[in-house]
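Biologist: I would like to learn how to read a structure like this one, going from how helices pack to the spaces between them. Could we take one feature at a time?

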Amino acid sequence: MANETFVKNVDSFIITGFDHLQNQKLLGSLILITYILILLGNSINLCVISTDRHLHKPMYILICNLAVVDIMYTSACSTTMISVLLAEVKAVSYYSCISRMFFYILGDLTECMALTLMAIDRVIAIRLPLRYHSIVTNSRLLWLIFLTWVFCFAAVGYLILLADSLPFCQPVIKYIYCSYAAVVRAACVDPEPYFAITTIYSMVPLCGQFPFILCTYAVLAYSVTKLSNSSRKQMINTCLSHIIVLLSFNVPKIVYILLTRIGVVLTLTERNAIAIVSSLVPPLINPTVYCTRTKEIRKRVSDVFLDTKKIVPKMLNSFPNTSS
């Protein structure tokens, strides 16, 4: 009963995960540059695909969905880290922290769903090429994307309700942004029952989604061997892009889980490093991979830059020469 006098609600949280770090400005600058590149790369993919009617096809709709997820996912954590490291603003209001946590977890789950849909799309395209356009239509795919978002909203909403109901002893978050684990550890409760829920949330994708996608690519690898050389090269190029994206998203999470399960005690710096890598690297790799390895997007981007190079000299020549 004596401890209950210390239980109180908080209006804001103090982010202290970077307090032990010496080169805060350097890390903040690197995160800011990475964040700008993520926004730029994903925005280019969104603009190119949305403005070109020839790219209004299922595969490119999936790329657009992934771009939206990446922007949401990285913005939820990057803005907090940049604010703490560069602006030296460590205080985050309670509801701002809760909302960032919501969008961060939502981005994590929707990315799992997006990668799964992309793998299924490639399986149908290679295994059933003659029926692909009748099975995978734009309208059906948009409905599937909508349903995945609704499911993820519901799942994340439950976690947010749990976190919002917690009593807090102190407004200090010992992590680098507003994650579920950080908020739970700041509460005056035993965190283990609350972490058991997130363990289920994380193990379902890693033990269900990740092996499922690996199996689909094993099937694709077998199917590709039966194709002609030109078709085989195209399919390998497409599937390789998906595999790079899949590994960049899952490998940091798998490494973290394996290290903790075998008894390796990670320091706060090591935990933060893994968190930064898992939050920034996949959204940076995704647009780069699809922009450079997808022929149609690469061609469209190069056409835009070539047109710009032609237009700029014409605009400069149109101005009157006043030097005389």
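Biologist: Let us begin with α3 and α5: what is the handedness of their crossing?

Modeller: Two packed helices are described by the angle between their axes and by the distance between those axes. In this predicted model, α3 and α5 cross in a right-handed way, and they pack at an angle of about 145 degrees with 9 Å between their axes. The residues of this contact comprise 21 nonpolar, three polar and one charged.

Biologist: How far should I trust the coordinates, and in which helix is confidence highest?

Modeller: Where pLDDT is low, the predicted coordinates should not be read in detail. Across the protein the average pLDDT is 81, and 86% of the residues score at least 70. Helix α5 (residues 138–164) has the highest confidence, at a mean of 92, whereas helix α10 (residues 295–318) has the lowest, at 63. Over residues 1–7 the pLDDT stays under 50, and for that stretch the model has five contacts beyond four places in sequence.

Biologist: Turning to the open spaces, what volume does the largest pocket have, and which residues lie nearest its centre?

Modeller: The largest pocket has a volume of about 1200 Å³, and its lining is made up of 36 residues, with Ala181, Thr198, Ser202, Tyr256 and Ile257 lying nearest the centre. At least two lining residues come from each of α3 (94–127), α6 (180–185), α7 (192–224), α8 (229–261) and α9 (268–293), and α7 contributes the most, with nine residues.

Biologist: How do the residues of that lining divide by class?

Modeller: In the lining of the largest pocket there are 22 nonpolar residues, eight polar ones and six charged ones.

Biologist: What about enclosed space: how many cavities of 30 Å³ or more does a search of the whole structure find?

Modeller: The search finds two such cavities of 30 Å³ or more. The largest cavity holds about 40 Å³ of space, and it is lined by Asn42, Asn45, Ile63, Leu66, Ala67, Asp70, Asn286, Pro287 and Tyr290. The elements giving two or more residues to this lining are α1 (24–51), α2 (58–85) and α9, with α2 giving the most, four residues. By class, the lining of the largest cavity has five nonpolar residues, three polar and one charged.

Biologist: And which residues line the second largest cavity?

Modeller: Leu115, Met118, Ala119, Ile213, Tyr217, His242 and Leu246 form the lining of the second largest cavity, which contains about 30 Å³ of space. Each of α3, α7 and α8 supplies at least two of the lining residues, and the largest share, three residues, comes from α3. In this lining six residues are nonpolar and one is polar, while no charged residues are present.

Biologist: To place α3 in the whole picture, where does this helix appear among the features we have read?

Modeller: Helix α3 packs with α5, supplies at least two residues of the lining of the largest pocket, and gives the largest share of the lining of the second largest cavity.

Terms used: Residues numbered from 1 in each chain as written. Predicted model: local features only at pLDDT ≥ 70, side-chain atom pairs only at ≥ 80, totals over all residues. Heavy atoms only, no water. pLDDT = per-residue confidence, 0-100. Contact = heavy atoms within 4.5 Å. 1 Å grid on protein atoms, 1.4 Å probe; cavity = no way out; pocket = protein on both sides within 12 Å on 5 of 7 lines; lining within 4 Å. Points joined across faces, edges and corners; volume = space filled by probe spheres on them. Nonpolar A, V, L, I, M, F, W, Y, C, P; charged D, E, K, R; others polar. Axes fitted to C-alpha atoms, helices over the stretch in contact; angles between N-to-C directions. Left-handed = near helix turned anticlockwise from the far one by under 90°.
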